[in-house]
Amino acid sequence: MSRVRIVEMGLRDGLQNESTHLSVVQRLELLKKLIDAGSANFEVGAFVSAKWVPQMAVSKDLTKLALNDIAKRKSANKLHPSVLIPNEEGMLQAIEAGIKEVAIFAACSETFSQINTNCSIDESFERFKLVMVLAKKHKIKVRGYLSTCFVCPFENMIDPKKVVAIARRMHALGVYEISIGDTIGAAHVGQVKYLFTQLLKHIPAKQLAGHFHDTRGQALANILAAYEMGIKTFDSSIGGLGGCPYAPGATGNVATEDVVYMFEGMKVNTGLNLEKLIQTNHWLQPFMDHALSSKVAKVGLLKPIKATSKKYAKSRFMLNKKY
Ligand code: HMG
Ligand code: MG
């Protein structure tokens, strides 16, 4: 059976832009539910400046508790927690917390780089060199994100040649995978096919991932387009939570539930249990101050229902919803 790897963003990209602040205990509970639903690759939080992203201020405490919980599980060696870091200071915190994987992030637009991380693209790579030295020394795996790979909220369309050059630069640093970000959810299938065609000339498919925000409802189509080109890793967020606080106009990541529904329907194994993900969504919903965007979780699992009236007599299957 074919399979894809889903990297869960809920606790990091998901919560970083929410106005509701979940406590450390609530975040840990969410993480446990995600793990119980089969999530094996997930970001716990971000070691970034609390002045810049107050939502991530509890990441250190949460990471310690999460690693403690994970260590007690039989499946511990199959679970891959990670944290987002922008610089050496973040990396030193990651080492102190004892986490074995981190993710660095750079932008493909100068303006976004300045607004998100207060430095140019070149300067961000200078920071990453220091991070990589520490990573090697402490045997920490490093994943890379590239933001604004298609469209930037400030510079509009981004030249794919520029994205390929920055991706190659990140690849040369020694990250194990590069996640290609549609930060404001504006890319369409044509752009996705073109950019991945160019990227695949230089970077193997197994080292590329897709990170699609769903602002314009294109994320699933974009994921499918990338999958058909050989990409097997995708980032998503429970409930479709998410967005970057420095990317105006961006809504959440594509919802994990919706991605799982699509792939499992195609007989592509995600390793995730859709029913448990939906339960997690329903558990999370009351804490949030807006409706979670996952369409699949909204209607629930597909179940046959009894046709009780002439109107429905011919329907064999209907969504589990009151009509
Ligand atoms: P800066 O103000 O230029 O940093 O921020 P600085 O080096 O001048 O230091 C200023 C203060 O920040 C100091 O503290 C440092 O100690 C502290 P003070 O002396 O004022 O008390 N500091 C830190 N604190 C905690 N953790 C650190 C850290 N580094 C410095 N790692 C900085 C530069 C990069 C820190 C800041 O701009 C920042 O934190 N930016 C993060 C922005 C962010 O997290 N954005 C969202 C994530 S990216 C995203 O969502 C996109 C993605 O999902 C992909 C996609 O969708 O495209 C990944
Ligand atoms: Mg993102």
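This is a short talk about one predicted protein model, going from the whole chain to its metal site and then to a few single residues.

Let me begin with the chain as a whole, so that you have a frame for the details. If you trace the secondary structure of the protein chain, you will come to twelve helices and twelve strands. The radius of gyration is 19 Å, close to the 20 Å that the globule rule gives for 323 residues, so the chain is as compact as a globular protein of that length. Taken along the principal axes, the box that the C-alpha atoms fill is roughly 70 × 45 × 35 Å.

How much of the chain is buried? Of the 323 residues in the protein chain, 53% are buried. As for the surface, the chain exposes about 14,700 Å², and carbon and sulfur atoms supply 54% of that area. When we look at contacts with a separation of 6 or more, 73% of them are accounted for by residues 24 or more positions apart. The chain also carries 42 positive and 28 negative charges, and the mean positions of these two groups are 8 Å apart.

Now let us turn to the metal site. Which residues are the protein donors of the magnesium ion, ligand 2? They are D13, through OD, together with H211 and H213, each through NE2, and they lie 2.0 to 2.3 Å from the ion. Along the sequence, the spacing of these donor residues can be written as D-x197-H-x1-H. Both histidines, H211 and H213, are buried.

Next come two residues with an uncommon backbone angle. As background, most residues other than glycine have a negative phi. T148, however, has a phi near 50°, which is a positive value, and you can find T148 in the loop between strand 5, residues 141-147, and strand 6, residues 151-152. K267 also has a positive phi, near 65°, and K267 sits in the loop between helix 10, residues 256-265, and helix 11, residues 274-284. Are these two residues buried or exposed? T148 counts as buried because its relative accessibility is 0%, whereas K267, at 60%, counts as exposed.

If we stay in the loop between helix 10 and helix 11, we also meet V268. V268 is buried, with a relative accessible area of 3%. What does V268 touch, once residues up to four places away in sequence are set aside? The list is M1, S2, R3, V4, Y227 and F263. The C-alpha atoms of V268 and L130, on the other hand, are separated by 39 Å, and these two residues are 138 positions apart along the chain.

Let me close with two further pairs, which you may like to find in the structure yourselves. S49 belongs to the loop between strand 2, residues 41-46, and helix 3, residues 59-71, and S49 is partly exposed, with a relative accessible area of 33%. Although S49 and G90 are 41 residues apart along the chain, their C-alpha atoms are separated by 8.5 Å. E96, for its part, is found in helix 4, residues 88-97, and E96 is exposed, with a relative accessible area of 54%. From the C-alpha of E96 to the C-alpha of H282 the distance is 34 Å, and the two residues are 186 apart in sequence.

Key:
Residues numbered from 1 in each chain as written. Chains lettered and ligands numbered in written order. Predicted model: local features only at pLDDT ≥ 70, side-chain atom pairs only at ≥ 80, totals over all residues. Heavy atoms only, no water. Helix = DSSP H or I, 4+ residues; strand = E, 2+ residues; numbered from the N terminus. Rg over C-alpha atoms; globule rule 2.2 N^0.38 Å. Buried < 20%, exposed > 50% of the residue type's maximum accessible area, 1.4 Å probe, protein only. Contact = heavy atoms within 4.5 Å. Areas by Shrake-Rupley, 256 points an atom, 1.4 Å probe, with all protein chains shown as cover. Lys, Arg positive; Asp, Glu negative; His and termini not counted. Charge placed at Lys NZ, Arg CZ, Asp CG, Glu CD. Donors = N, O, S within 2.8 Å, 3.2 Å for Na, K, Ca; no water.
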